[in-house]
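Colleague: Could you walk me through the cysteines up close, and then what surrounds the main pocket? Plain language is fine.

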Amino acid sequence: MRLLSADETRQALPFQPLIAALRTAITEYRDGTIVCPERLVVPTADRTGTVLSMVACGPDLIAHKLLTIFPGNSALPTLQGQVTCLDGQNGRFLFAMNGITATERRTAAISMLGLSCFRPKRLQHVLLIGTGAQARVHLEALNELYPGLSVTIRGRNTQRIQSLIEGPYPALRIQAERETADRYDAVISVTSSREMLFDQEAAPETLVIGVGAYKPDMIEIGPGIVLKSLCVVDDPIGAPHEAGDILQAGKNWSEVWALADFLEEKPEQDQPVFFKSVGCAAWDLAACRLAMECLTKSAA
């Protein structure tokens, strides 16, 4: 079984075809063609780490992601993982990708799909909240898909902000956030914050995308936006247990929509939109499909 390195995984998952693969997977997940139970989260015996297992079964492929989280690690990364791809017809192990890189890229691709589905009338200036790994991969996606875009970075670490400004994103105009209030066409928050980071008045002109806050006690986007916006989630099964922003706002889940409902048409009314991404193994299956295609082409 071939094991793809982080760089090989990145090359196997270019954003444009990855977004197309996700569109298909989202529809199949909604229709039940892809079977994807909730992820299994298990603490280690000494409670110093956590193991996450996520499985998705399609008619063609099976994807299994295994992640470990050890916050006390110093010599090794806190987060480690692998996505294994198997044949859906006979269970044969086909290949494995770097789990962290695959997760980062399919997460950013989901954000880009949300940006495409709910794109505001003007898209010139984006606020990116966060300076970690997800900020970098989101900038990579924006650099590839939206050349000429202005991106303002909000974060607490000035060195990290400067590193992003100087990063390999030549198609973007990147700057640190200033004290003066700017108008943003879209806001993308990619942190693990437990404190509210953005809660300006909800406006149809500003699309808000929440990528972090993946636990009930986490929050990035405040209730002022959540309660006054059309709320859309990528995974309507996992979101009621994981979408911290929506849970803390007390939003009625009967008023929360699925991304699958808007893949073909935008919302009918001109209203504020909050798109919340929590992720699920079906998105890893989409990444496996694209990687399988790329590997088959390279072997031909």
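Modeller: Cys-117 counts as buried, with a relative accessibility of 4% (buried is under 20% relative accessible area, exposed over 50%, partly exposed in between, using a 1.4 Å probe and protein chains only). Cys-231 is buried too, at 0%. Bear in mind that this is a predicted model, where local features need pLDDT of at least 70, side-chain atom pairs count only at pLDDT 80 or more, and totals for chains, interfaces and linings use all residues. Residues are numbered from 1 along each chain as its sequence is written, and side-chain values use heavy atoms, with hydrogens and water left out.

Searching the whole structure turns up zero disulfides (a disulfide being two cysteine sulfur atoms within 2.5 Å). For Cys-117, the nearest cysteine sulfur belongs to Cys-280, 15 Å away. For Cys-231, the nearest is that of Cys-117, at 16 Å.

Now the largest pocket (an open set of points on a 1 Å grid over the protein atoms alone, where a 1.4 Å probe fits, with protein on both sides within 12 Å along at least five of seven lines). It is lined by 47 residues, and Gln-134, Thr-191, Ser-192, Gly-212 and Tyr-214 are the closest to its centre (lining residues have an atom within 4 Å of a point). Helix H3 (99-117) is among the elements that each supply at least two lining residues, as are strand S3 (50-57) and helix H4 (133-145) (DSSP runs numbered from the N terminus: helices H or I, at least four residues; strands E, at least two). H3 gives the largest share of that lining, six residues.
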